[in-house]
Amino acid sequence: MRADDITGAVETTEAAPAKINLALHVTGQRADGYHLLETLVTFTEAGDAIHVRDADADTFSISGPFSDLLRAGDGGDNLVTRARDLLRDALASTGQPTRPVAIHLEKNLPVASGIGGGSADAAATLRALLRHWNAVIDPQKLASVALALGADVPMCLESRSLIARGIGEDIEPVADLPELFLVLANPLKAVSTPEIFRRLLDKANPSLPVREAGGWMEFLAQSRNDLEAPAKALLPEVSEIAGMLSQEGASLVRMSGSGATCFGIFHSFDAAQKAETSLRNKRPDWYFQATRTI
Ligand code: C5P
């Protein structure tokens, strides 16, 4: 019997909150093709979850409403196992051996939907494994492991409100964003991020607006998601679902990331829940989730 079985210290769990781009301005393009962004990002109670246990050999399993899509699509390679392997290599290089682990992903968020998904899962895996292995890593090394996994992984590692610049790795925390009540809405059609970026003709768009103290709502009203137009051109359902959120009384409706998920901001959690119920009745086959920022 292993020590863990005796102590009962078995499982490490980390939430993988959904990432919402409240504003996303594309301001340029690097020589390597990656786009320069300025984005205001927040995170929600709605999300996936990562569970880690000791095991005789590394394993990975998935459950949840969207697990089949992942299982079918990735042939066993995914951002969670890549995060595990990259972190293990980084720790090995500083003389920290790591035990094999069974990782379980609870997949609650739609796949390829502009709200973090895989990036949030990868970031939660890094946080969970560091705790589970009781490992120490230089913050800059961790940041580079995160960025190697994807441009959105560093912000998901933070999982609190922030403004990100560069391709997403230059992060400035935002302390005074008010709690927001949201409905996330997705027509359950996966969108390819590279495809949406390719379809964005104008790469040099205006920066995020200047914010007056406390004026977040004005800031949001004056900002945009530059990827919304190409996503709507590719997938008409994005316009349709955004219109449905407006009809439910959202004070602001916008797409997150490269889509197709749109969010509506409501004045209370109760109003968001009522909108979710109404939207589900209208389109039982689509994804609607009332949630709040964390
Ligand atoms: O970094 P990640 O793997 O999430 O990005 C997926 C793709 O999206 C990239 O290969 C690139 O084509 C595009 N992308 C971009 N500019 C960014 C982030 C992503 O062009 N800032």
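1. How much space lies in the largest pocket? In this predicted model, the largest pocket holds about 1100 Å³ of space. Its lining is made up of 48 residues, and those lying nearest the centre are Gly-116, Ser-119, Asp-152, Thr-193 and Pro-194.

2. As to where that lining comes from, at least two residues are supplied by each of β1 (12–29), β2 (35–54), α2 (67–73), α3 (79–92), α4 and α7 (193–199). Sorted by class, the lining of the largest pocket consists of 20 nonpolar, 19 polar and nine charged residues.

3. The annotation deserves to be read together with the pocket. An unreviewed UniProt entry places the feature "binding site" at Pro-110, Val-111, Ala-112, Ser-113, Gly-114, Ile-115, Gly-116, Gly-117, Gly-118, Ser-119 and Ala-120. Of these residues, Pro-110, Val-111, Ala-112, Ser-113, Gly-114, Ile-115, Gly-116, Gly-117, Gly-118 and Ser-119 are included in the lining of the largest pocket. Gly-116 and Ser-119, both named in that record, are also among the residues that lie nearest the centre of the pocket.

4. Two neighbouring positions of the annotated stretch can be looked at in detail, beginning with Ala-112, which sits in the loop between β4 (101–106) and α4 (118–132). With a relative accessible area of 37%, Ala-112 falls between the limits of 20% and 50% and therefore counts as partly exposed. Once its neighbours within four places in sequence are set aside, Ala-112 is in contact with Ala-190, Val-191 and Gly-259.

5. Ser-113 likewise lies in the loop between β4 and α4, but the relative accessible area of Ser-113 is 4%, which is under 20%, so this residue is classed as buried. Not counting residues up to four places away in sequence, Ser-113 touches Asn-186, Gly-259, Ala-260 and Thr-261. Gly-259 thus appears in the contact list of Ala-112 and also in that of Ser-113.

6. The second largest pocket holds about 180 Å³ of space, and its lining is formed by Pro-139, Leu-142, Ala-143, Leu-147, Pro-154, Leu-157, Glu-158, Glu-169 and Ile-171. Both α5 (139–149) and α6 (153–158) supply at least two residues of this lining, with the largest share, four residues, coming from α5.

7. By class, the lining of the second largest pocket has seven nonpolar and two charged residues and no polar ones, whereas the lining of the largest pocket includes 19 polar residues.

Notes:
Residues are numbered from 1 along each chain as its sequence is written. This is a predicted model: local features need pLDDT of at least 70, side-chain atom pairs count only at pLDDT 80 or more; totals for chains, interfaces and linings use all residues. Side-chain values use heavy atoms; hydrogens and water are left out. UniProt positions are given in the numbering used here, feature names are shortened, and annotations may be inferred rather than shown by experiment. On a 1 Å grid over the protein atoms alone, a cavity is a set of points where a 1.4 Å probe fits but cannot get out, and a pocket is an open set with protein on both sides within 12 Å along at least five of seven lines; lining residues have an atom within 4 Å of a point. Buried means under 20% relative accessible area, exposed over 50%, partly exposed in between (1.4 Å probe, protein chains only). Contact means heavy atoms within 4.5 Å. Grid points are joined across faces, edges and corners, and a volume is the space filled by probe spheres set on the points. Ala, Val, Leu, Ile, Met, Phe, Trp, Tyr, Cys and Pro count as nonpolar, Asp, Glu, Lys and Arg as charged, and the others, Gly among them, as polar.
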